[in-house]
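Me: I would like to go through this structure term by term, asking each time what a word rests on. Please set each value against its definition before you conclude.

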Amino acid sequence: MSYEWKTGKRPYSDEEAKTLLKNVISPETSDWHYNKHHKGYVAALNTIEKGLETADRSKANGNYSELGELKRRFTWNHSGALLHDVYWNVLGGDGDPRKGPQVLAAIEKEFGSFEKWKEDFKATAFSAKLSGWGLLVYDSLYSQRPLNVLVDEHQYGAIWGGIPLIALDVFEHAYYHKDGPGRAVYIDNFINSLHWGRINEKFIKYVK
Ligand SMILES: [Fe+2]
């Protein structure tokens, strides 16, 4: 298996991103975060895949082995690559949830109102460690409802069968260049720039 990296995989060009995302991240961060960090997860994933082809299974043990470390880093990079895809995909909108009527209805049913969902989502993302994520997932395997989930690093806190509908990167690399320690400002700007039409498309595709 080889994971493909493409420049311009986002639903807007690198040039468009500088204007489209300027309320959320700096133009430099748009470039660094996508073309260095995100790309790096995909590249590492391919390196790990290659390593797994030849790693000696007979040396595996519970302390240290090449196979064990490759498996651990696989999960980190796989989660990192996937969540960054979601992050870029949900950005670039006007933050109006009425443009995602089906997903909005599911959120209102579970949380009581959009405002209550937002309050919980902001607090969830604010509570992640310095390297982490706030996610809105649909719990497809266990409780069949939307949930806000806190993830440390890329994978600690994930729930099985949780389909990520919104992924908010709160690693410091995501916001420090524009907002410094103002993570709350960044979170507000992120929510105000959500593209609910694309979020709704995903909800319909994977949930309904
Ligand atoms: Fe990131």
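Me: Which residue stands opposite Gly-134 in β3?

Reply: Leu-168 is the residue in β3 that stands opposite Gly-134. Please bear in mind that this is a predicted model, in which local features need pLDDT of at least 70, side-chain atom pairs count only at pLDDT 80 or more, and totals for chains, interfaces and linings use all residues. Residues are numbered from 1 along each chain as its sequence is written.

Me: What makes β1 and β3 a pair?

Reply: Two strands pair if DSSP finds at least two bridges between them, strands being DSSP runs of E with at least two residues and helices runs of H or I with at least four, numbered from the N terminus. Seven bridges join β1 to β3, so the requirement of at least two is met. The two strands run antiparallel, and Tyr-138 stands opposite Ile-163 in β3.

Me: Why are β2 and β3 called edges of the sheet?

Reply: The open sheet has three strands in the order β2-β1-β3, with antiparallel pairing. Each of β2 (146–152) and β3 has a single partner strand, so one side of each is left without a neighbour in the sheet.

Me: How do you know that β3 is largely enclosed?

Reply: A residue is buried if 20 or more other C-beta atoms lie within 10 Å of its own, exposed if 12 or fewer, and partly exposed in between, with C-beta atoms placed from the backbone. Seven of the eight residues of β3 are buried, and therefore β3 is largely enclosed by the rest of the structure.

Me: Is Gln-144 buried or exposed, and what of Glu-153?

Reply: Gln-144, in the loop between β1 and β2, has 11 C-beta neighbours inside 10 Å and so counts as exposed. Glu-153, in the loop between β2 and β3, has 16 such neighbours and therefore counts as partly exposed. Neither is a glycine, yet phi of Gln-144 is near 45° and that of Glu-153 is about 55°.

Me: What class does His-78 fall into?

Reply: His-78, placed in helix α3, has 19 other C-beta atoms within 10 Å and is therefore partly exposed. His-78 and Leu-45 are 33 residues apart in sequence, while their C-alpha atoms are 6.5 Å apart in space.

Me: What makes a set of residues a nonpolar core, and how many residues has the largest one here?

Reply: A nonpolar core is a set of buried Ala, Val, Leu, Ile, Met, Phe, Trp, Tyr and Cys residues joined through C-beta atoms within 7 Å. The largest has 38 residues, and those with the most contacts inside it include Val-90, Trp-133, Leu-165 and Ile-199. This core draws at least three residues from each of domain 1 (26–90) and domain 2 (97–206), whose bounds come from an automatic or database domain assignment. A second, separate core of five residues includes Tyr-41, Val-42, Leu-45 and Ile-48.

Me: How do you know that domain 1 and domain 2 are in contact?

Reply: Two residues are in contact if their C-beta atoms, placed from the backbone, lie within 7 Å. In this sense 14 residues of domain 1 are in contact with 17 residues of domain 2. On the side of domain 1 that touches domain 2, the largest share, nine residues, comes from α3. The centres of the two domains, taken over C-alpha atoms, are separated by 22 Å.
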